[in-house]
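Work through the exercises below with the sequence and the model in view. Each task is followed by a solution in steps.

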Amino acid sequence: MKKRALISVYDKEGILDFAKFLISKGVEIVSTGGTFRYLKENNVSVVEVSDITKFPEMLDGRVKTLHPNIHGGILAIRGNKTHMDKISEHKIDPIDFVIVNLYPFFQKVKENLTFEEKVEFIDIGGPTMLRAAAKNFQDVVVVCDKNDYKEIQNQLERGEVSLDLKRKLAGKVFNLMSAYDGAISQFMLQDEYPQYFAMSLQKQQSLRYGENPHQSACFYSSTMVDGAMNTFEVLNGKELSFNNLKDVDIAWKAVSDFEEPACCALKHNTPCGFAIGSDSMDAYSKAYAVDPTSIFGGIVSFNHKVTKDVAQEMIKIFLEVVAAPEFDQDALAVLKTKKNLRIIKFHKKPQCKYNAVSVDGGLLVQSEDKQFVIENKIVTKTQPTEQQMKDMIFALRVVKFVKSNAIVVANNGVAVGIGGGQVNRIWPTIDALKRGKGATVLASDAFFPFRDVVDEAAKHGIKAIIQPGGSLKDQESIDAANEYNITMVITGIRHFKH
(Lines give C-alpha, C1' and ligand atoms only; values in the text may rest on other atoms or scores of the structure.)
Protein backbone atom coordinates (compact mmCIF):
# COMPACT_ATOMS: atom_id res chain seq x y z
CA MET A 1 0.00 0.00 0.00
CA LYS A 2 1.34 3.43 -0.94
CA LYS A 3 2.36 5.58 2.02
CA ARG A 4 0.91 9.02 2.44
CA ALA A 5 2.19 12.16 4.24
CA LEU A 6 0.01 15.06 5.35
CA ILE A 7 1.98 18.32 5.43
CA SER A 8 0.63 21.58 6.88
CA VAL A 9 3.30 24.00 8.08
CA TYR A 10 3.35 27.70 8.96
CA ASP A 11 7.15 27.75 9.09
CA LYS A 12 8.21 26.40 5.71
CA GLU A 13 11.96 26.28 6.30
CA GLY A 14 13.32 22.93 5.13
CA ILE A 15 9.93 21.53 4.10
CA LEU A 16 10.59 21.66 0.36
CA ASP A 17 13.62 19.38 0.52
CA PHE A 18 11.92 17.09 3.03
CA ALA A 19 8.80 16.74 0.85
CA LYS A 20 10.95 15.95 -2.21
CA PHE A 21 12.82 13.33 -0.20
CA LEU A 22 9.57 11.66 0.89
CA ILE A 23 8.38 11.58 -2.70
CA SER A 24 11.67 9.91 -3.69
CA LYS A 25 10.76 7.17 -1.19
CA GLY A 26 7.37 6.64 -2.82
CA VAL A 27 5.35 8.72 -0.35
CA GLU A 28 2.33 10.65 -1.67
CA ILE A 29 2.05 14.22 -0.32
CA VAL A 30 -1.26 15.68 0.83
CA SER A 31 -1.36 19.32 1.87
CA THR A 32 -3.50 22.28 2.82
CA GLY A 33 -3.94 25.96 1.96
CA GLY A 34 -0.69 27.94 1.97
CA THR A 35 1.50 24.84 2.21
CA PHE A 36 -0.24 23.27 -0.80
CA ARG A 37 0.32 26.43 -2.86
CA TYR A 38 3.96 26.67 -1.75
CA LEU A 39 4.72 23.08 -2.72
CA LYS A 40 2.81 23.39 -5.99
CA GLU A 41 4.69 26.58 -6.93
CA ASN A 42 7.93 24.71 -6.36
CA ASN A 43 6.93 21.86 -8.68
CA VAL A 44 6.25 19.32 -5.94
CA SER A 45 3.58 16.74 -6.78
CA VAL A 46 0.92 17.28 -4.11
CA VAL A 47 -2.75 16.40 -3.49
CA GLU A 48 -4.99 19.07 -1.93
CA VAL A 49 -6.78 18.10 1.28
CA SER A 50 -10.15 19.07 -0.19
CA ASP A 51 -9.65 16.33 -2.79
CA ILE A 52 -9.43 13.84 0.09
CA THR A 53 -12.29 15.22 2.20
CA LYS A 54 -14.50 16.02 -0.83
CA PHE A 55 -15.29 19.20 1.05
CA PRO A 56 -13.90 22.71 0.45
CA GLU A 57 -12.01 24.74 3.03
CA MET A 58 -14.40 27.07 4.83
CA LEU A 59 -14.69 29.76 7.50
CA ASP A 60 -11.56 31.57 6.30
CA GLY A 61 -9.55 28.37 6.50
CA ARG A 62 -10.63 27.50 10.06
CA VAL A 63 -12.10 24.23 8.79
CA LYS A 64 -10.08 22.16 6.35
CA THR A 65 -8.60 19.07 8.04
CA LEU A 66 -11.28 18.43 10.68
CA HIS A 67 -12.83 15.56 8.75
CA PRO A 68 -13.13 11.73 9.15
CA ASN A 69 -11.29 11.18 5.87
CA ILE A 70 -8.26 12.81 7.50
CA HIS A 71 -8.54 11.71 11.12
CA GLY A 72 -9.70 8.20 10.23
CA GLY A 73 -6.54 7.83 8.16
CA ILE A 74 -4.40 9.08 11.06
CA LEU A 75 -6.03 7.24 13.97
CA ALA A 76 -6.66 3.81 12.46
CA ILE A 77 -4.50 1.20 14.20
CA ARG A 78 -2.89 -0.80 11.43
CA GLY A 79 -2.82 -4.05 13.42
CA ASN A 80 -6.51 -3.76 14.32
CA LYS A 81 -8.59 -5.56 11.65
CA THR A 82 -11.81 -3.82 12.70
CA HIS A 83 -10.17 -0.41 12.28
CA MET A 84 -8.74 -1.27 8.89
CA ASP A 85 -11.97 -2.81 7.62
CA LYS A 86 -13.89 0.29 8.73
CA ILE A 87 -11.66 2.81 6.94
CA SER A 88 -11.64 0.55 3.88
CA GLU A 89 -15.44 0.48 3.94
CA HIS A 90 -15.43 4.29 3.84
CA LYS A 91 -12.66 4.44 1.25
CA ILE A 92 -10.25 6.19 3.66
CA ASP A 93 -6.55 5.71 3.01
CA PRO A 94 -4.14 5.58 5.97
CA ILE A 95 -1.91 8.59 6.63
CA ASP A 96 1.59 7.51 7.65
CA PHE A 97 3.34 10.84 8.20
CA VAL A 98 1.86 13.97 9.80
CA ILE A 99 4.17 16.97 9.43
CA VAL A 100 2.69 20.03 11.08
CA ASN A 101 3.98 23.16 12.75
CA LEU A 102 1.62 25.63 14.31
CA TYR A 103 0.50 29.21 13.91
CA PRO A 104 3.09 31.30 15.82
CA PHE A 105 0.96 32.12 18.84
CA PHE A 106 4.05 32.34 21.09
CA GLN A 107 5.39 35.19 18.97
CA LYS A 108 2.13 36.95 18.14
CA VAL A 109 0.84 37.08 21.71
CA LYS A 110 3.80 39.35 22.56
CA GLU A 111 3.23 41.72 19.63
CA ASN A 112 1.21 44.91 19.68
CA LEU A 113 -1.94 43.32 18.26
CA THR A 114 -5.57 43.52 19.34
CA PHE A 115 -7.10 40.72 21.38
CA GLU A 116 -9.11 39.62 18.33
CA GLU A 117 -6.01 39.56 16.11
CA LYS A 118 -4.16 37.41 18.63
CA VAL A 119 -7.08 34.98 18.82
CA GLU A 120 -6.71 34.32 15.10
CA PHE A 121 -3.26 32.84 15.77
CA ILE A 122 -4.71 30.11 17.99
CA ASP A 123 -4.27 26.97 15.89
CA ILE A 124 -7.07 24.36 16.00
CA GLY A 125 -6.58 21.96 13.10
CA GLY A 126 -2.83 21.68 13.59
CA PRO A 127 -2.94 20.62 17.26
CA THR A 128 -5.79 18.22 16.50
CA MET A 129 -3.81 16.44 13.79
CA LEU A 130 -0.66 16.39 15.90
CA ARG A 131 -2.41 14.94 18.93
CA ALA A 132 -4.17 12.30 16.83
CA ALA A 133 -0.91 11.24 15.15
CA ALA A 134 1.00 11.27 18.45
CA LYS A 135 -1.60 9.00 20.04
CA ASN A 136 -1.16 6.57 17.14
CA PHE A 137 2.64 6.92 17.12
CA GLN A 138 3.30 3.21 16.59
CA ASP A 139 1.84 3.57 13.09
CA VAL A 140 2.29 7.27 12.29
CA VAL A 141 5.46 9.35 12.17
CA VAL A 142 4.48 12.71 13.65
CA VAL A 143 6.72 15.76 13.18
CA CYS A 144 6.15 19.09 14.92
CA ASP A 145 9.76 20.34 14.82
CA LYS A 146 11.63 21.12 11.59
CA ASN A 147 14.87 20.16 13.34
CA ASP A 148 13.74 16.51 13.22
CA TYR A 149 13.53 16.30 9.42
CA LYS A 150 17.16 15.24 9.10
CA GLU A 151 17.02 12.39 11.64
CA ILE A 152 13.86 10.99 10.06
CA GLN A 153 15.46 11.23 6.64
CA ASN A 154 18.55 9.39 7.89
CA GLN A 155 16.47 6.53 9.30
CA LEU A 156 14.35 6.25 6.15
CA GLU A 157 17.53 6.01 4.10
CA ARG A 158 18.40 2.91 6.15
CA GLY A 159 14.89 1.44 6.06
CA GLU A 160 12.09 2.48 8.45
CA VAL A 161 11.67 5.00 11.23
CA SER A 162 12.31 3.19 14.51
CA LEU A 163 9.65 2.80 17.19
CA ASP A 164 11.93 4.61 19.65
CA LEU A 165 12.13 7.65 17.40
CA LYS A 166 8.38 7.55 16.72
CA ARG A 167 7.69 7.59 20.47
CA LYS A 168 10.18 10.41 21.00
CA LEU A 169 8.53 12.47 18.25
CA ALA A 170 5.10 11.82 19.81
CA GLY A 171 6.43 12.94 23.18
CA LYS A 172 7.67 16.15 21.60
CA VAL A 173 4.16 16.82 20.33
CA PHE A 174 2.58 16.56 23.76
CA ASN A 175 5.44 18.59 25.24
CA LEU A 176 4.79 21.32 22.68
CA MET A 177 1.03 21.19 23.19
CA SER A 178 1.31 21.58 26.96
CA ALA A 179 3.26 24.82 26.44
CA TYR A 180 1.02 25.99 23.56
CA ASP A 181 -2.17 25.36 25.51
CA GLY A 182 -0.60 26.87 28.63
CA ALA A 183 0.18 30.08 26.77
CA ILE A 184 -3.35 30.29 25.34
CA SER A 185 -4.80 29.59 28.78
CA GLN A 186 -2.81 32.45 30.33
CA PHE A 187 -3.80 34.77 27.49
CA MET A 188 -7.50 33.94 27.75
CA LEU A 189 -7.91 33.68 31.52
CA GLN A 190 -5.89 36.68 32.68
CA ASP A 191 -6.38 35.08 36.09
CA GLU A 192 -3.90 35.86 38.87
CA TYR A 193 -3.98 32.32 40.25
CA PRO A 194 -5.94 29.94 37.97
CA GLN A 195 -7.15 26.52 39.07
CA TYR A 196 -4.36 24.87 37.09
CA PHE A 197 -1.03 26.70 36.93
CA ALA A 198 0.34 26.15 33.45
CA MET A 199 3.76 27.64 32.80
CA SER A 200 4.52 28.00 29.11
CA LEU A 201 8.30 27.82 28.86
CA GLN A 202 10.72 27.02 26.04
CA LYS A 203 14.25 25.71 26.43
CA GLN A 204 16.65 28.58 25.81
CA GLN A 205 19.94 26.91 26.64
CA SER A 206 21.51 24.00 28.45
CA LEU A 207 23.84 25.10 31.22
CA ARG A 208 27.19 23.57 32.03
CA TYR A 209 25.93 22.73 35.52
CA GLY A 210 23.70 24.01 38.31
CA GLU A 211 24.60 25.62 41.62
CA ASN A 212 27.37 23.02 41.92
CA PRO A 213 29.26 21.04 39.25
CA HIS A 214 27.50 17.77 40.14
CA GLN A 215 24.04 19.30 39.43
CA SER A 216 22.64 19.49 35.91
CA ALA A 217 20.76 22.63 34.81
CA CYS A 218 18.93 24.33 31.97
CA PHE A 219 17.48 27.79 31.32
CA TYR A 220 13.85 27.95 30.17
CA SER A 221 12.41 31.12 28.69
CA SER A 222 8.82 32.36 28.93
CA THR A 223 6.84 32.10 25.71
CA MET A 224 4.49 34.82 26.98
CA VAL A 225 6.75 37.60 28.25
CA ASP A 226 9.74 39.32 26.70
CA GLY A 227 11.41 40.17 29.98
CA ALA A 228 14.88 41.25 30.96
CA MET A 229 16.35 37.77 31.31
CA ASN A 230 15.20 36.27 28.01
CA THR A 231 16.04 39.25 25.80
CA PHE A 232 19.48 40.36 27.01
CA GLU A 233 22.48 40.30 24.70
CA VAL A 234 25.81 38.70 25.64
CA LEU A 235 28.57 40.90 24.19
CA ASN A 236 31.59 39.04 25.52
CA GLY A 237 32.84 36.26 27.73
CA LYS A 238 32.26 32.68 28.73
CA GLU A 239 28.90 30.98 28.74
CA LEU A 240 26.69 32.19 31.57
CA SER A 241 26.28 29.75 34.43
CA PHE A 242 23.25 28.90 36.56
CA ASN A 243 24.57 31.08 39.39
CA ASN A 244 25.43 33.92 36.99
CA LEU A 245 21.87 34.01 35.70
CA LYS A 246 20.38 34.02 39.21
CA ASP A 247 22.73 36.77 40.32
CA VAL A 248 22.31 38.94 37.23
CA ASP A 249 18.52 38.76 37.62
CA ILE A 250 18.69 40.22 41.14
CA ALA A 251 21.41 42.77 40.30
CA TRP A 252 19.41 44.08 37.34
CA LYS A 253 16.15 44.21 39.30
CA ALA A 254 17.91 46.12 42.08
CA VAL A 255 19.31 48.91 39.89
CA SER A 256 16.11 49.04 37.83
CA ASP A 257 14.30 50.20 40.98
CA PHE A 258 16.09 53.56 40.61
CA GLU A 259 15.88 56.37 38.07
CA GLU A 260 19.14 58.08 39.08
CA PRO A 261 22.42 56.39 38.09
CA ALA A 262 22.80 53.31 40.30
CA CYS A 263 25.35 50.54 40.69
CA CYS A 264 24.84 47.20 42.42
CA ALA A 265 27.75 44.94 43.29
CA LEU A 266 26.34 41.51 44.06
CA LYS A 267 27.74 38.26 45.39
CA HIS A 268 25.90 35.01 46.15
CA ASN A 269 22.53 36.51 45.20
CA THR A 270 22.69 39.43 47.64
CA PRO A 271 24.11 42.95 47.27
CA CYS A 272 27.55 43.55 48.78
CA GLY A 273 27.74 47.15 47.60
CA PHE A 274 25.10 49.55 46.37
CA ALA A 275 25.14 53.25 45.57
CA ILE A 276 23.53 55.98 43.53
CA GLY A 277 25.60 58.78 42.09
CA SER A 278 25.85 61.61 39.60
CA ASP A 279 26.82 59.11 36.87
CA SER A 280 27.84 55.45 36.53
CA MET A 281 31.45 56.18 37.49
CA ASP A 282 30.41 57.95 40.67
CA ALA A 283 27.94 55.17 41.56
CA TYR A 284 30.53 52.42 40.90
CA SER A 285 33.25 54.12 42.94
CA LYS A 286 30.92 54.42 45.91
CA ALA A 287 29.57 50.86 45.58
CA TYR A 288 33.08 49.43 45.28
CA ALA A 289 34.24 51.29 48.39
CA VAL A 290 31.47 49.69 50.47
CA ASP A 291 33.13 46.26 50.33
CA PRO A 292 36.26 45.98 48.15
CA THR A 293 36.76 42.40 49.34
CA SER A 294 33.38 40.85 48.53
CA ILE A 295 33.02 42.46 45.11
CA PHE A 296 35.92 40.29 43.90
CA GLY A 297 34.48 37.56 41.66
CA GLY A 298 31.05 39.15 41.79
CA ILE A 299 28.47 40.75 39.52
CA VAL A 300 28.27 44.48 38.81
CA SER A 301 25.10 45.95 37.33
CA PHE A 302 24.27 49.51 36.21
CA ASN A 303 21.03 51.17 35.16
CA HIS A 304 22.84 53.82 33.05
CA LYS A 305 25.50 53.76 30.36
CA VAL A 306 28.92 52.28 31.18
CA THR A 307 31.67 54.63 30.03
CA LYS A 308 35.37 54.07 29.40
CA ASP A 309 36.46 55.46 32.78
CA VAL A 310 34.20 52.98 34.63
CA ALA A 311 35.45 50.11 32.48
CA GLN A 312 39.05 50.98 33.25
CA GLU A 313 38.31 50.81 36.96
CA MET A 314 36.41 47.53 36.75
CA ILE A 315 39.12 45.62 34.90
CA LYS A 316 41.46 46.23 37.84
CA ILE A 317 39.67 43.42 39.68
CA PHE A 318 38.26 40.01 38.77
CA LEU A 319 34.54 40.17 37.99
CA GLU A 320 32.25 37.45 36.66
CA VAL A 321 29.69 39.70 34.92
CA VAL A 322 29.18 43.37 34.05
CA ALA A 323 25.62 44.23 33.05
CA ALA A 324 24.08 47.48 31.81
CA PRO A 325 21.53 48.82 29.33
CA GLU A 326 24.24 50.57 27.30
CA PHE A 327 28.03 50.61 26.80
CA ASP A 328 30.29 53.11 25.09
CA GLN A 329 32.32 51.50 22.32
CA ASP A 330 35.49 52.58 24.14
CA ALA A 331 34.17 50.96 27.32
CA LEU A 332 33.48 47.71 25.47
CA ALA A 333 36.97 47.69 24.02
CA VAL A 334 38.43 48.00 27.53
CA LEU A 335 36.16 45.35 29.06
CA LYS A 336 36.82 42.90 26.23
CA THR A 337 40.48 42.80 27.14
CA LYS A 338 39.21 40.39 29.82
CA LYS A 339 38.27 37.57 27.45
CA ASN A 340 36.29 35.57 30.04
CA LEU A 341 34.38 38.55 31.47
CA ARG A 342 30.70 38.20 30.61
CA ILE A 343 29.34 41.50 29.34
CA ILE A 344 25.55 41.69 29.24
CA LYS A 345 23.48 44.35 27.53
CA PHE A 346 19.90 44.53 28.80
CA HIS A 347 17.15 45.59 26.42
CA LYS A 348 14.22 45.57 28.84
CA LYS A 349 13.39 46.50 32.39
CA PRO A 350 12.08 43.63 34.57
CA GLN A 351 8.62 42.63 33.29
CA CYS A 352 7.39 39.61 35.25
CA LYS A 353 4.47 40.02 37.63
CA TYR A 354 5.11 36.75 39.48
CA ASN A 355 7.94 34.59 40.69
CA ALA A 356 7.91 30.89 41.43
CA VAL A 357 9.96 28.61 43.67
CA SER A 358 9.89 24.84 43.42
CA VAL A 359 9.30 22.71 46.49
CA ASP A 360 9.23 18.93 46.62
CA GLY A 361 6.02 18.00 44.82
CA GLY A 362 4.86 21.51 44.05
CA LEU A 363 5.47 25.11 43.12
CA LEU A 364 5.07 28.23 45.25
CA VAL A 365 3.90 31.21 43.19
CA GLN A 366 3.70 34.81 44.38
CA SER A 367 3.47 38.30 42.94
CA GLU A 368 6.71 40.24 42.67
CA ASP A 369 7.51 42.63 45.53
CA LYS A 370 6.77 45.83 43.65
CA GLN A 371 4.70 47.67 46.24
CA PHE A 372 6.78 50.02 48.30
CA VAL A 373 5.86 52.37 51.14
CA ILE A 374 2.21 52.36 52.28
CA GLU A 375 2.76 55.24 54.67
CA ASN A 376 5.69 57.20 56.06
CA LYS A 377 4.54 57.63 59.61
CA ILE A 378 6.99 59.46 61.86
CA VAL A 379 6.50 57.94 65.32
CA THR A 380 9.21 59.75 67.31
CA LYS A 381 9.63 63.25 68.70
CA THR A 382 12.63 63.89 66.47
CA GLN A 383 11.69 64.67 62.87
CA PRO A 384 13.83 63.46 59.94
CA THR A 385 15.70 65.93 57.78
CA GLU A 386 15.08 65.95 54.03
CA GLN A 387 18.41 64.15 53.44
CA GLN A 388 17.69 61.55 56.11
CA MET A 389 14.32 60.78 54.53
CA LYS A 390 15.95 60.41 51.09
CA ASP A 391 18.58 58.08 52.54
CA MET A 392 16.00 56.01 54.42
CA ILE A 393 13.96 55.48 51.23
CA PHE A 394 17.17 54.59 49.36
CA ALA A 395 18.21 52.09 52.04
CA LEU A 396 14.75 50.54 52.10
CA ARG A 397 14.86 50.02 48.32
CA VAL A 398 18.16 48.17 48.74
CA VAL A 399 16.69 46.10 51.60
CA LYS A 400 14.21 44.56 49.16
CA PHE A 401 17.07 42.67 47.48
CA VAL A 402 18.90 41.50 50.61
CA LYS A 403 18.13 38.13 52.18
CA SER A 404 16.12 38.29 55.41
CA ASN A 405 16.76 39.26 58.13
CA ALA A 406 17.89 42.31 56.14
CA ILE A 407 19.52 45.42 57.55
CA VAL A 408 20.98 48.19 55.39
CA VAL A 409 22.75 51.23 56.81
CA ALA A 410 23.36 54.15 54.50
CA ASN A 411 24.61 57.67 54.07
CA ASN A 412 24.22 60.08 51.18
CA GLY A 413 22.98 57.50 48.66
CA VAL A 414 25.45 54.77 49.56
CA ALA A 415 24.60 51.48 51.29
CA VAL A 416 27.75 51.57 53.41
CA GLY A 417 26.80 48.46 55.40
CA ILE A 418 24.64 45.47 54.36
CA GLY A 419 23.68 42.57 56.59
CA GLY A 420 21.26 39.72 55.92
CA GLY A 421 20.62 36.01 55.68
CA GLN A 422 20.78 35.46 59.43
CA VAL A 423 18.26 33.74 61.69
CA ASN A 424 17.83 36.73 64.00
CA ARG A 425 17.84 40.49 63.46
CA ILE A 426 20.60 41.59 65.81
CA TRP A 427 23.41 39.66 64.04
CA PRO A 428 22.92 41.35 60.64
CA THR A 429 22.49 44.66 62.47
CA ILE A 430 25.89 44.24 64.10
CA ASP A 431 27.41 43.12 60.78
CA ALA A 432 26.00 46.07 58.84
CA LEU A 433 26.94 48.66 61.47
CA LYS A 434 30.42 47.24 61.98
CA ARG A 435 31.19 47.68 58.28
CA GLY A 436 29.06 50.77 57.74
CA LYS A 437 31.40 53.52 58.86
CA GLY A 438 29.74 56.91 58.67
CA ALA A 439 26.22 55.50 58.31
CA THR A 440 23.46 57.86 59.44
CA VAL A 441 20.32 55.86 58.63
CA LEU A 442 19.23 52.25 59.08
CA ALA A 443 16.55 50.32 57.19
CA SER A 444 15.06 46.96 58.17
CA ASP A 445 12.95 44.56 56.09
CA ALA A 446 10.78 43.69 59.11
CA PHE A 447 9.69 45.08 62.47
CA PHE A 448 11.75 44.99 65.67
CA PRO A 449 10.46 42.51 68.27
CA PHE A 450 12.86 44.06 70.79
CA ARG A 451 14.64 47.39 71.27
CA ASP A 452 18.09 45.81 70.79
CA VAL A 453 18.44 46.98 67.17
CA VAL A 454 17.81 50.59 68.21
CA ASP A 455 20.29 50.28 71.07
CA GLU A 456 22.94 48.92 68.71
CA ALA A 457 22.21 51.59 66.09
CA ALA A 458 22.65 54.35 68.70
CA LYS A 459 26.13 53.05 69.58
CA HIS A 460 27.19 53.59 65.97
CA GLY A 461 25.77 57.08 65.47
CA ILE A 462 22.60 56.22 63.51
CA LYS A 463 20.27 59.23 63.41
CA ALA A 464 17.24 57.79 61.57
CA ILE A 465 15.57 54.37 61.30
CA ILE A 466 12.93 53.14 58.87
CA GLN A 467 11.07 49.88 59.46
CA PRO A 468 7.62 48.37 58.78
CA GLY A 469 6.30 48.37 62.33
CA GLY A 470 3.67 45.91 63.45
CA SER A 471 5.32 44.32 66.49
CA LEU A 472 3.42 44.06 69.76
CA LYS A 473 6.49 45.77 71.22
CA ASP A 474 6.73 48.62 68.72
CA GLN A 475 6.47 51.12 71.55
CA GLU A 476 9.64 49.76 73.19
CA SER A 477 11.62 50.55 70.02
CA ILE A 478 9.95 53.94 69.67
CA ASP A 479 10.76 54.79 73.29
CA ALA A 480 14.38 53.70 72.74
CA ALA A 481 14.61 55.91 69.65
CA ASN A 482 13.27 58.85 71.64
CA GLU A 483 15.89 58.22 74.35
CA TYR A 484 18.66 58.57 71.76
CA ASN A 485 17.01 61.39 69.77
CA ILE A 486 16.78 59.07 66.78
CA THR A 487 13.96 59.66 64.31
CA MET A 488 11.93 56.56 63.43
CA VAL A 489 9.65 56.10 60.42
CA ILE A 490 7.06 53.30 60.14
CA THR A 491 6.15 52.25 56.57
CA GLY A 492 3.41 49.66 57.18
CA ILE A 493 4.92 47.19 54.69
CA ARG A 494 7.65 44.57 55.07
CA HIS A 495 10.07 43.18 52.46
CA PHE A 496 11.08 39.63 53.36
CA LYS A 497 13.33 37.87 50.86
CA HIS A 498 13.90 34.23 51.80
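**Exercise 1. The mixed sheet**

Task: State the strand order of the open sheet of twelve strands, and say which strands stand at its edges.

Solution. Step 1: helices (H or I, at least four residues) and strands (E, at least two) are DSSP runs, numbered from the N terminus. Two strands pair if DSSP finds at least two bridges between them. Step 2: the order is E8-E13-E12-E11-E9-E10-E18-E17-E19-E20-E21-E16, and the pairing is mixed. Step 3: strand E8 (233-236) and strand E16 (377-378) each have a single partner strand, so one side of each is left without a neighbour in the sheet.

This is a predicted model, in which local features need pLDDT of at least 70 and side-chain atom pairs count only at pLDDT 80 or more, while totals for chains, interfaces and linings use all residues. Residues are numbered from 1 along each chain as its sequence is written, and side-chain values use heavy atoms, with hydrogens and water left out.

**Exercise 2. From E11 to E18**

Task: Follow the pairing from strand E11 (residues 299-302) through strand E9 (residues 262-267) and strand E10 (residues 270-276) to strand E18 (residues 414-419).

Solution. Step 1: E9 and E11 run antiparallel and are joined by four bridges; Cys 264 has Ser 301 in E11 as its bridge partner. Step 2: E9 also pairs with E10, in the antiparallel sense, over six bridges. Here Cys 263 stands opposite Ala 275 in E10. Step 3: the hairpin of E9 and E10 has two residues between the strands, and in this hairpin His 268 takes a positive phi near 55 degrees. Step 4: E10 pairs with E18 over two bridges, again antiparallel, and Ala 275 stands opposite Val 414 in E18. Step 5: for the covering of E10, use the cut-offs of relative accessible area: buried is under 20%, exposed over 50%, partly exposed in between (1.4 Å probe, protein chains only). Six of the seven residues of E10 are buried.

**Exercise 3. The parallel sheet and helix H1**

Task: Describe the open sheet of five strands, then find what the buried residues of H1 pack against.

Solution. Step 1: the strand order is E3-E2-E1-E4-E5, with parallel pairing. Strand E3 (47-48) and strand E5 (141-143) are the edge strands, pairing on one side only. Step 2: E1 and E2 run parallel and are joined by four bridges, and Arg 4 stands opposite Glu 28 in E2. Step 3: in helix H1 (residues 15-24), the residues Ile 15, Leu 16, Phe 18, Ala 19, Phe 21 and Leu 22 are buried. Step 4: with contact taken as heavy atoms within 4.5 Å, the buried residues of H1 pack against strand E1 (4-9), strand E2 (28-31), helix H2 (33-41), E4 and helix H9 (149-158). Step 5: Gly 26 follows H1 and has a positive phi, near 85 degrees.

**Exercise 4. Salt bridges**

Task: How many salt bridges are there, and where do the pairs Asp 96 with Arg 78 and Asp 282 with Lys 286 lie?

Solution. Step 1: a salt bridge is a side-chain nitrogen of Lys or Arg within 4 Å of a carboxyl oxygen of Asp or Glu. The count by this rule is 27. Step 2: Asp 96 and Arg 78 meet at 3.5 Å, N to O. This pair links distant parts of the chain, 18 residues apart: Asp 96 is in the loop between helix H5 (81-89) and strand E4 (97-101), and Arg 78 in the loop between helix H4 (68-75) and H5. Asp 96 is buried at 10% relative accessibility, while Arg 78 is partly exposed at 21%. Step 3: Asp 282 and Lys 286 meet at 3.2 Å, N to O. Both lie in helix H12 (residues 280-290), four residues apart, about one turn of the helix. Asp 282 is partly exposed at 22%, and Lys 286 is partly exposed at 26%. Step 4: salt bridges also link Arg 4, Glu 28 and Asp 93 in a network.
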